[in-house]
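Biologist: Please take one part of this model and look at it closely. I am new to this structure, so go step by step and say what each residue is doing there in terms of position.

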Amino acid sequence: MANVKLAIIYYSSTGTNYQMAQWAEEAGSQAGAEVRLRKVHELAPEAAIEQNAGWKAHYEAAKDVSEASSEDIEWADAIIFSTPTRFGNVASQMKQFLDLQGGIWGSGKTVNKVVSAMTSASNSHGGQEATILSLYTSMMHWGAIIVPPGYTDQVLFGAGGNPYGTSVTQGPDGKMVEDVQAAVKHQAKRTVEIASKVIGG
């Protein structure tokens with residue numbers, strides 16, 4: 001297998017997508033990829049973060065995670081995005097990061113990147129699939145190669161069976177309702193496997 005450079009780029013307010021990104025990082029490394037874990041820049045004012053105990057706790061816990069940049073996109077052969085759902089769309093923090101990539105998009109540096117996406121919401125029909133599809137629309141403009149998990153492994157059914165990308169429900173207690181760890185890891189390994197085939201010709 002070709003040596004794949006995998007960027008995992010996420011936004012997380014209370015930690016769900018951070019945990020998913022960490023599982024993807026672990027699986028990507030196990031699959032032989034060189035992995036970068038990056039968070040997108042937080043846009044919310046500190047006053048808003050301070051009013052939510054879970055948000056504040058995660059904000060402090062993830063302070064040492066490096067922020068994503070255009071250089072990470074250029075560097076990567078494959079990218080896994082993880083973002084919460086906001087009204088059936090990606091979180092504004094992730095949207096701004098994507099919107100800021102016009103320069104590298106215009107110079108063709110997003111073409112043929114292998115991409116996959118994950119998401120979360122506070123209820124099982126809260127726009128999870130729409131969020132992933134919305135992100136994939138941007139990836140079509142990038143000229144990227146979208147790699148959904150489909151139904152390529154039985155572990156996906158235990159996680160809710162989302163063929164577009166792993167998605168999870170966050171319960172009122174802040175914990176994940178479905179057990180998606182195996183599905184996230186399968187999706188990451190599949191992304192690395194397809195990226196290896198793409199860059200290896």
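**A loop residue and the strand before it**

Modeller: Phe 87 counts as exposed, because its relative accessibility is 87% and the cut-off for exposed is over 50%. The model is predicted. Phe 87 sits in the loop between β3 and β4, the latter being residues 89–90. The backbone of Phe 87 has a phi near 55°, a positive value in a residue other than glycine.

Asn 112 also has a positive phi, of about 65°, although it is not a glycine. Asn 112 belongs to the loop between α6 (102–106) and β5. With a relative accessible area of 46%, Asn 112 is partly exposed.

Now to strand β3 itself, which covers residues 78–86 and contains Phe 81. Phe 81 is buried, and so is Trp 142. These two residues form an aromatic pair: the ring centres are 6.3 Å apart and the planes are at 70°. The pair is edge-to-face because 70° is above the limit for that class, over 60 degrees. Trp 142 is in helix α7 (residues 128–142), and the two partners are 61 residues apart, so the pair links distant parts of the chain. A search of the whole structure finds three aromatic pairs, one of them being Phe 81 with Trp 142. A further contact with a ring involves a charge: Arg 36 lies over the face of Trp 75, at 4.0 Å from the ring centre.

Strand β3 also takes part in the largest pocket, which holds about 250 Å³ of space. That pocket is lined by 17 residues, and the closest to its centre are Ser 13, Pro 84, Thr 85, Arg 86 and Gln 170. Of these, Pro 84, Thr 85 and Arg 86 fall within the range of β3, residues 78–86. The elements that give two or more residues to the lining are α1 (16–30), β3 and β5 (114–121). β3 gives the most, with three residues. By class, the lining has three nonpolar, 13 polar and one charged residues.

To put the part together: β3 holds a buried ring, Phe 81, that pairs edge-to-face with Trp 142. The strand also gives the most to the lining of the largest pocket. In the loop between β3 and β4, Phe 87 is exposed.

Note on methods:
Residues numbered from 1 in each chain as written. Predicted model: local features only at pLDDT ≥ 70, side-chain atom pairs only at ≥ 80, totals over all residues. Heavy atoms only, no water. Phe/Tyr/Trp six-rings, centres within 6.5 Å; stacked < 30°, edge-to-face > 60°. Helix = DSSP H or I, 4+ residues; strand = E, 2+ residues; numbered from the N terminus. Buried < 20%, exposed > 50% of the residue type's maximum accessible area, 1.4 Å probe, protein only. Lys NZ or Arg CZ within 6 Å of the ring centre and 35° of its normal. 1 Å grid on protein atoms, 1.4 Å probe; cavity = no way out; pocket = protein on both sides within 12 Å on 5 of 7 lines; lining within 4 Å. Points joined across faces, edges and corners; volume = space filled by probe spheres on them. Nonpolar A, V, L, I, M, F, W, Y, C, P; charged D, E, K, R; others polar.
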